Structure formats: C-alpha cells, structure tokens
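I opened this notebook to record what I looked up in one structure, going from its overall make-up to its pocket and its cores.

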Amino acid sequence: MGGAKDDEPPSKRVKVSFGESADHSNGTFLKDPASCSLSESMARPLAVQGDDEIVGTKGVVKKVEFVRIIADALYSLGYKKTGAFLEEESGIPLHSSQVHLFMEQILDGRWDESVATLRKIGLVDEKIVKLASFVILEQKFFELLDREEVMDALKTLRTEIAPLCVNSDRVHELSLFIISPSGVSSGQDIVKMKSRTKLLEELQRLLPPTVMIPEKRLIHLVEQALELQVEACLFHNSLVSEMSLLTDHHCGRDQLPSQTLQILQEHKDEVWFLQFSHNGKYLASSSADCSVIIWEVKLDGKFCLKHRFYGHQKPVSYMSWGPDDRQLLTCGVEEFVRRWDVDSGKCIRIYRKNGVGLVSCGWDPDGKRIFCGFTDKSISMWDLEGKELECWKGHRISRIADLGITSDGKHMVSVCKDNMILLFELESKAERIIQEDQTITSFELSADNRYVLVSLWNQEIHLWYIEGSVKLVAKYKGHKRSRFVVRSCFGGLDQSFIASGSEDSQVYIWHKCSQALLATLAGHSGTVNCVSWNPANPHMLASASDDRTIRIWGLNQANMKHNGNGAISNGVHYCNGGT
C-alpha cells in the first residue's frame, strides 16, 4: 500500500387433542392472555400417589408431570387407546375427573353446567374464574344469536356477562350484535362466534398448566431443545430441516467457508472494496486502478467477468447496489458518483456538486432516490435525475465516510465524527448517537436493521444494538490493523458470523453471539481490505486484497456434493450431510 505513516489517518480508502393448535388471535376480551397464566400456586394440582418422584439424572423432571405430557402427546397424535392405557397403568390421569367433565360440557355446549364446574376444578384465583366464565358465556351469547334467539342472548349479556365486570369495552361490542345480529359496520373488525374446539383451546391457554396441560406441550419442549442446540452450535451455518431427534445437534468447522475455490485476477491494482448483490448473483469489486468489475456467479459457483466499468479518474472506494440489483452506484475518492446499468454495462448518470467531492453513496429502499456524502461533511438526497431533494449540513459525515440507509427507509446512518456514528430518523429528524472511544474506520448495517458493526482504529470490531436504546453488545479481536481501512461484514446463515479483513493478509471469522474466533483464512499476499459474504449462499465469502486479487472462499471441496457432470454445487447446504 505504500508509505503512509503509522500516525496518519487511514486515508487510503475513504471508505384433548382439540385439533391443530395455533396462536389464534381471536380479539376477545383478553388484552394480554400471557399475563393470565399463573404459577402453580394459583391452582390446586392433581393429588397423585408418588407426586414427588423424580426421573432423569438432573433431579429436575417430576414423574407425574412427565407422564402427563407424554399422555397428552399420545392423544394429540391420535393414539387414544395408548394414551388411555398409559393413564391406567401409571395411575396418573392426564386431567382430573372434574376437568374431563368440564371439557365435555364445553364441547357439548352445556354452558351453564360448564361455568358451575369451572369453580370445582381447582382454581384459586377468582380473576381467572371470571375471565374463563366470560369466554364461555360469550360463546353462549353468539350461539344463541346464531339460532336467532335474540332475547335469550340479550338476557345472557345483561344477567350473566355484564355482572362479571370484565372488559366493559368488549361488553359494548357484544351489545352491537343485538342491534345488528348479522354484524357491525364493515369498518369494524370484531370477532364473532368461534368453534367449540377453538373455544376449548383458548380456555386451555387461559387456565393454569397444573389444571389443563398446554396442548402439544411435549412437542413444544422438544422444539425448544433443538433451538437451544442450534443456538449453542458455534459452526451452525446450514438449514435445520435435516436435524434428527436421535442425536444431539453439532456442526463442524467444515460448515464455514475455508478453502479458496477461485482467484479473480482482472484488476490491475489493489482491490479496495467489494460487495455481493442482494440476490447473490453478482459481485461488484472496485480498485485503485479506477475501475469497477461486475462478476456473475454461475450456478456451479464459478465467477465470470460480466462488465468492466471505466470512467472514474480516481480510485473507486465505495459502491452500493440498488434495491433490485439492476443498478449500481460507484464513488471515486473525493470525486463523483456514477450510476450504472448492470445489464447493459452503461453509465446512466453522473452525480456531482460544484466545489465539493463525494465520499460515499447509498440507495433509498424505494429505488427512486439516492443519498451522497460530501467532503464538506454534508449529506444530500437526490432523485435519480440528479435533482437535490434535501440537504443535511453540519457534521453529518466525516472524510472516512460509510453511509447506510435502513431497509425500511426510516433511518440514515453515517460516521459524523472520527469516533461517532449518527443514527438519523429521516421523518422525525430525531438523532441518536453511537459514541466510541477510538477512531471509526468503517461500519456495516445488519440486514434486519438491528445492529451496526463498527471497525475501529485500535484493532477491535464492535457490535452495537440500535433497536430502541443504543448499546454495545459484543467485541471482536484478533485481526491486525495499524495503517489502513480494513472492512468487516455480517454473514452466514441468519448473519450468525462476523468476517473481517486484516493487514496480516488473512480473513478472520468470529461467531457473532459468543464472540469466539472460529477461523483464519490464509492465502492472500497483501492486506485484505474488504470482505463480503454472499447473502444467498451462507457458504460463499469473497475477500479483496492489496495483492490485486479477489479470493472466493467456500466449503472444503472434499465435503461438498457434486452434481452429475462433476461440477461443485452452489446450492444451499444442509447440516448432517444433505444438500
């Protein structure tokens, strides 16, 4: 890279089996159903012999609860005889006799009897009794209306539902159905009668689990265990559809891109920046040779040169793909911004402002406007024809100037001072700040707009959470940076990894959550300036270097599945060997 002094800024790159269970939002009186699930102290559990017996080696699984959720699973799978046999042989009933009676009464529509039984099934909290009674009587009300027994429905509303003093707003809504039994005005979305099965599911979610076990509880616990195994797997980088219940989940290092699959050598000088398109079909690279190259990713994973863009008079330090990947913005160092058509390879328009140079660029998610940062520390928003729509002046952007727009178009993110990132809400003009102790050299937004990855002068990379209050959540160390801008990125499945270039000619990969350094990839012979992870293929990573090359990293070929003609598949890979 040449003779920049160590104390100089990095100026090189300005750069009951009730049926299928679901989360039914039925709009009834419950404002927060989850808040109504009480602890075991709120209900009297079943009195069963051996109630305190523990199974398993950890001393935490109660036999009675374990048998009950197994029985529930058998019933939900349709194995009713087996479920009944388990209850009989173990002497542990799934539900008490009163709960069984209550469930039968609900399914038979014996509403008055079910409300009476509700007070006998072990509920201690009167609030829960009233809430459950409201749900039952609301169903009674609607079924009476359905049979056109309007006077009986009115009596139920006045003498049974209203006296419960539960959710007066809902009582008012129900009264509207008396006036117009066929429904209310089209502008209102008020839930009417549900099936009795759905009613029982709602009651099941409302009542304490010691009284009625949440439906499909065992399946939920198994799914939860699998999710925790995936979260704990440092190398998980594949789809989970091949996970097995028969073994613990574990991915090896071979799930990370670790082998050079291709070296791209078309640039004539140091490669400073590169970025995959959103659909993963193209890679754009820019260089100190003032050119930009569009590479096409073939189905077999091979890269071929699609276009070479000329026109910049200075090294190209920054690029931004359009939302539909059909256009690309490129920015020369303190020069101007060009907009290119990816299909034709033609420059559509040049954006410049008299007296100032441009240092960064970005797209509005609607694809109709662009944002540009200038050397006078201002940021402008232009339409595609080059008309300035708005300009924000002052310390909006620094000379080392990354620029980001969230995918919802609500926030603009920029390096406003050497150690400060500005989070600017475009509509309200509200500002939030990420304050670092060290000089910021680059940053990247996560795809979900929840995180900002900040590379720093002191050889650290910081992960900031920006949804709501801004807070530092992780730090990544190990890579080398003393003189130049070295960029980092999110990547892998669900962006679970962090990758970075380094001045020691290697690529570094960390696990995002644990902050563990997982791999260092050797191969380049000069500073690795930038890395980009293919958003459509978690096993493809690209790196750009001062050695004038781009390396494409993928899985070890010995572990990859080959297609019929011997080419390596570029498809999405699965854990446990499937593709």
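Before listing strands I fixed the term: a strand here is a DSSP run of E with at least two residues, numbered from the N terminus. I also noted that this is a predicted model.

Entry on the whole protein. I counted nine helices and 30 strands in the secondary structure. Of the 579 residues, 50% count as buried, and the accessible surface comes to about 27000 Å², with 49% of that area belonging to carbon and sulfur atoms.

Entry on the largest pocket. I found a volume of about 1100 Å³ for the largest pocket and a lining of 47 residues, among which Gln275, His278, Glu444, Leu445 and Ala447 lie nearest the centre. I then asked which strands each supply at least two residues of this lining. They are S4 (271-276), S8 (316-321), S12 (358-363), S16 (403-405), S20 (440-445), S24 (488-491) and S28 (528-533). Sorted by class, the lining has 24 nonpolar, 18 polar and five charged residues.

Entry on the cores. The largest nonpolar core holds 41 residues, and those with the most contacts inside it are Leu283, Phe303, Leu328 and Ile550. Strand S6 (residues 292-297) gives the largest share of this core, namely five residues. I followed Ile550 further and, leaving aside neighbours within four places in sequence, listed its contacts, including Ile263, Leu264, Val271, Leu274, Leu283, Trp295 and Ala542, and also Gln262, His267, Ser285, His524 and Ser543. A second, separate core has 37 residues, including Met103, Val171, Leu200 and Leu206.

Notes:
Residues numbered from 1 in each chain as written. Predicted model: local features only at pLDDT ≥ 70, side-chain atom pairs only at ≥ 80, totals over all residues. Heavy atoms only, no water. Core = buried A, V, L, I, M, F, W, Y, C linked by side-chain atoms within 4.5 Å. Buried < 20%, exposed > 50% of the residue type's maximum accessible area, 1.4 Å probe, protein only. Helix = DSSP H or I, 4+ residues; strand = E, 2+ residues; numbered from the N terminus. Contact = heavy atoms within 4.5 Å. 1 Å grid on protein atoms, 1.4 Å probe; cavity = no way out; pocket = protein on both sides within 12 Å on 5 of 7 lines; lining within 4 Å. Points joined across faces, edges and corners; volume = space filled by probe spheres on them. Nonpolar A, V, L, I, M, F, W, Y, C, P; charged D, E, K, R; others polar. Areas by Shrake-Rupley, 256 points an atom, 1.4 Å probe, with all protein chains shown as cover.
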